[in-house]
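Q: Please walk through the labels attached to this model. For each one, say what stands behind it.

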Amino acid sequence: MKQHRLRCKLSQEKLAFIAEIEYSQVSRIERGIINTSVSVIFILAKALDVKPSQLLEFQ
C-alpha cells in the first residue's frame with residue numbers, strides 16, 4: 001500500500017482523510033501491525049485509484 005500511496009504523492013494523513021479512516025489505521029496497516037477488513041481495502045484502493053487486489057500483492 002505504501003508504494004501506491006507514495007506513487008500518488010500522498011501522506012498517510014492525506015490518504016486517511018480521502019478514505020475517511022483514522023490516520024493511525026493507515027499507519028498500522030502499512031507497518032503490518034494490524035490486518036484490515038475487506039471493506040477498508042476497497043476504500044483504500046478507491047482512494048489510491050488501484051484495484052483492491054493490487055493492495056494485496058507482496059513482493
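A: Start with the pocket. Helix 1 gives the most to the lining of the largest pocket, with three residues. Helices are DSSP runs numbered from the N terminus (H or I, at least four residues; strands are E, at least two). This is a predicted model: local features need pLDDT of at least 70 and side-chain atom pairs count only at pLDDT 80 or more, while totals for chains, interfaces and linings use all residues. Residues are numbered from 1 along each chain as its sequence is written, and side-chain values use heavy atoms, with hydrogens and water left out.

Q: What makes a set of grid points a pocket or a cavity? What volume does the largest pocket have?

A: On a 1 Å grid over the protein atoms alone, a cavity is a set of points where a 1.4 Å probe fits but cannot get out; a pocket is an open set with protein on both sides within 12 Å along at least five of seven lines. The largest pocket has a volume of about 540 Å³. That volume is the space filled by probe spheres set on the points, which are joined across faces, edges and corners.

Q: What lines the largest pocket?

A: A lining residue has an atom within 4 Å of a point. The largest pocket has 18 of them, and M1, L55, L56, E57 and F58 are the closest to its centre. Helix 1 (2–7), helix 3 (23–31) and helix 4 (38–48) each supply at least two lining residues. By class the lining has eight nonpolar, seven polar and three charged residues. The classes are nonpolar (Ala, Val, Leu, Ile, Met, Phe, Trp, Tyr, Cys and Pro), charged (Asp, Glu, Lys and Arg) and polar (the others, Gly among them).

Q: Why is H4 called buried?

A: The cut-offs are under 20% relative accessible area for buried and over 50% for exposed, with partly exposed in between (1.4 Å probe, protein chains only). H4 has 16%, so it is buried. H4 lies in helix 1. Beyond its neighbours within four places in sequence, H4 is in contact (heavy atoms within 4.5 Å) with L48, V50, Q54 and L55.

Q: Why is A16 buried or exposed?

A: A16 is buried, because its relative accessible area is 2%. It lies in helix 2. Not counting residues up to four places away in sequence, A16 touches I21, E22, Y23 and V26. A16 and A47 are 31 residues apart in sequence, yet 9.0 Å apart in space, C-alpha to C-alpha.

Q: How do you know that the buried residues of helix 2 line one face?

A: The buried residues are Q12, L15, A16 and A19. Their arc, taken from the directions from the helix axis to the C-beta atoms, is 100°, so they line one face of the helix. They pack against helix 1, helix 3 and helix 4.

Q: What puts the buried residues of helix 4 on the same side?

A: V40, I41, L44, A45, A47 and L48 are buried there. They cover an arc of only 160° around the axis, which puts them on the same side of helix 4. An α-helix has 3.6 residues a turn, so residues three or four places apart point the same way. V38 and K46, on the other side of helix 4, are exposed. Cover for the buried residues of helix 4 includes helix 1, helix 2 and helix 3.

Q: Why is K9 called exposed? And why E20?

A: K9 has 76% relative accessibility, so it counts as exposed. K9 is in the loop between helix 1 and helix 2. E20 counts as exposed because its relative accessibility is 72%. E20 is in the loop between helix 2 and helix 3.

Q: What phi does K9 take? What about E20 and D49?

A: K9 has a positive phi of about 60° although it is not a glycine. E20, just after helix 2, takes a positive phi of about 60°. D49, just after helix 4, takes a positive phi of about 60°.

Q: What makes the E30 and Q12 pair a polar contact?

A: A polar contact needs a pair of N or O atoms within 3.5 Å; within protein, one must be able to donate a hydrogen and the other to accept it, and sequence-adjacent residues count only if both atoms are side-chain atoms. The side chains of E30 and Q12 make such a contact at 2.8 Å. E30 is in helix 3. Leaving aside its neighbours within four places in sequence, E30 is in contact with M1, K2, R5 and Q12.
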